Amino acid sequence: MNREDCEALDREDPLRPFRDRFELPAGLIYLDGNSLGALPKATAARLADVSRREWGQDLIGSWNRNGWVDIPQRAGDQGVVGDFRAPDVLRFGFTPLYTRYCDVWDAAAALSRVMRQEIWRRPEYQTGLVVS
């Protein structure tokens, strides 16, 4: 397999149209699965509505008026399963719909270069202050 094979897989990927639904900086390979993920384009407007109207104006009434009380049930109905951890942690994981085969190939190539050149041994990466 090579990068051209990955490009061909990307062209045929039925999930390809979903990539356009996310804010992704050009040239960035984003494979982080331990974060909120890339921002869906529709989310900024929704967050503004939730913060200004539902929270800011409707206040506690939003639990019923805006259906906040039903959110866990609606999520479960859509197949979202919470990962409950003691004592009080609830985590949800999402499968990114914007990662292309080429992104995985390029990331693997970059990681290979880092390992081959031992870039991880550089002093700037030998501190807890840098996330690498």
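## What "partly exposed" means

A residue is called buried when its relative accessible area is under 20%, exposed when that area is over 50%, and partly exposed in between. At 42% relative accessibility, Arg 46 therefore counts as partly exposed. Keep these words in mind as you look around the structure, which is a predicted model.

## The chain as a whole

Let's start with the overall layout. The chain has 5 helices and 4 strands, and along the sequence they follow the pattern α-β-β-α-α-α-β-β-α. Of the 132 residues in the chain, 13% are buried.

The accessible surface of the chain adds up to about 10,800 Å², and carbon and sulfur atoms account for 57% of that surface. Contacts tell us about the fold as well: among those between residues at least 6 apart in sequence, 43% join residues at least 24 apart.

## Salt bridges

How many salt bridges does the count come to? The count comes to 7 salt bridges. One of them joins Arg 3 and Glu 7, with the closest N and O atoms 2.5 Å apart. Both residues sit in helix α1 (residues 3–12), and because they are 4 residues apart there, about one helical turn separates them. Arg 3 is partly exposed, with a relative accessible area of 26%, and Glu 7 is also partly exposed, at 29%.

Now look further along the chain, where Arg 46, Asp 49, Arg 53, Glu 54, Asp 58 and Arg 65 are linked in a network of salt bridges. Within this group, Glu 54 pairs with Arg 46, and their closest N and O atoms are 2.9 Å apart. Is Glu 54 buried or exposed? With a relative accessibility of 3%, Glu 54 is buried, whereas its partner Arg 46 is partly exposed at 42%.

Another pair in the network is Arg 53 and Asp 58, whose closest N and O atoms lie 3.4 Å apart. Here, too, the partners fall into two classes: Arg 53 is partly exposed at 31%, while Asp 58 is buried at 16%.

## Asn 66 and its neighbours

Which loop holds Asn 66? You will find Asn 66 in the loop between α3 (62–65) and α4 (71–77). The side chain of Asn 66 makes a polar contact of 3.1 Å with the side chain of Arg 53.

Leaving aside residues up to four places away in sequence, Asn 66 touches Arg 53, Glu 54, Asp 58 and Gly 61. Three names on that list should look familiar: Arg 53, Glu 54 and Asp 58 also belong to the salt-bridge network.

## A nonpolar patch and an aromatic pair

Charged residues are part of the story, but the surface has nonpolar residues to look at too. Trp 55, Leu 59, Ile 60, Trp 63 and Val 69 make a nonpolar surface patch of about 610 Å². Trp 55 belongs to helix α2 (residues 43–55). Its relative accessible area is 57%, so Trp 55 is exposed.

Another member of the patch, Trp 63, is partly exposed at 45% relative accessibility. How many aromatic pairs does the count come to? The count comes to 1 aromatic pair. Trp 63 and Trp 68 form this pair, which is edge-to-face, with 5.6 Å from centre to centre and 80° between the planes. The pair counts as edge-to-face because planes over 60 degrees apart fall in that class.

Technical notes
Residues numbered from 1 in each chain as written. Predicted model: local features only at pLDDT ≥ 70, side-chain atom pairs only at ≥ 80, totals over all residues. Heavy atoms only, no water. Salt bridge = Lys/Arg side-chain N within 4 Å of Asp/Glu carboxyl O. Helix = DSSP H or I, 4+ residues; strand = E, 2+ residues; numbered from the N terminus. Buried < 20%, exposed > 50% of the residue type's maximum accessible area, 1.4 Å probe, protein only. Patch = residues over 30% accessible without salt bridge, like charges linked within 9 Å, V, L, I, M, F, W, Y side chains within 5 Å. Areas by Shrake-Rupley, 256 points an atom, 1.4 Å probe, with all protein chains shown as cover. Phe/Tyr/Trp six-rings, centres within 6.5 Å; stacked < 30°, edge-to-face > 60°. Polar contact = N/O pair within 3.5 Å; in protein donor to acceptor, adjacent residues only side chain to side chain. Contact = heavy atoms within 4.5 Å.
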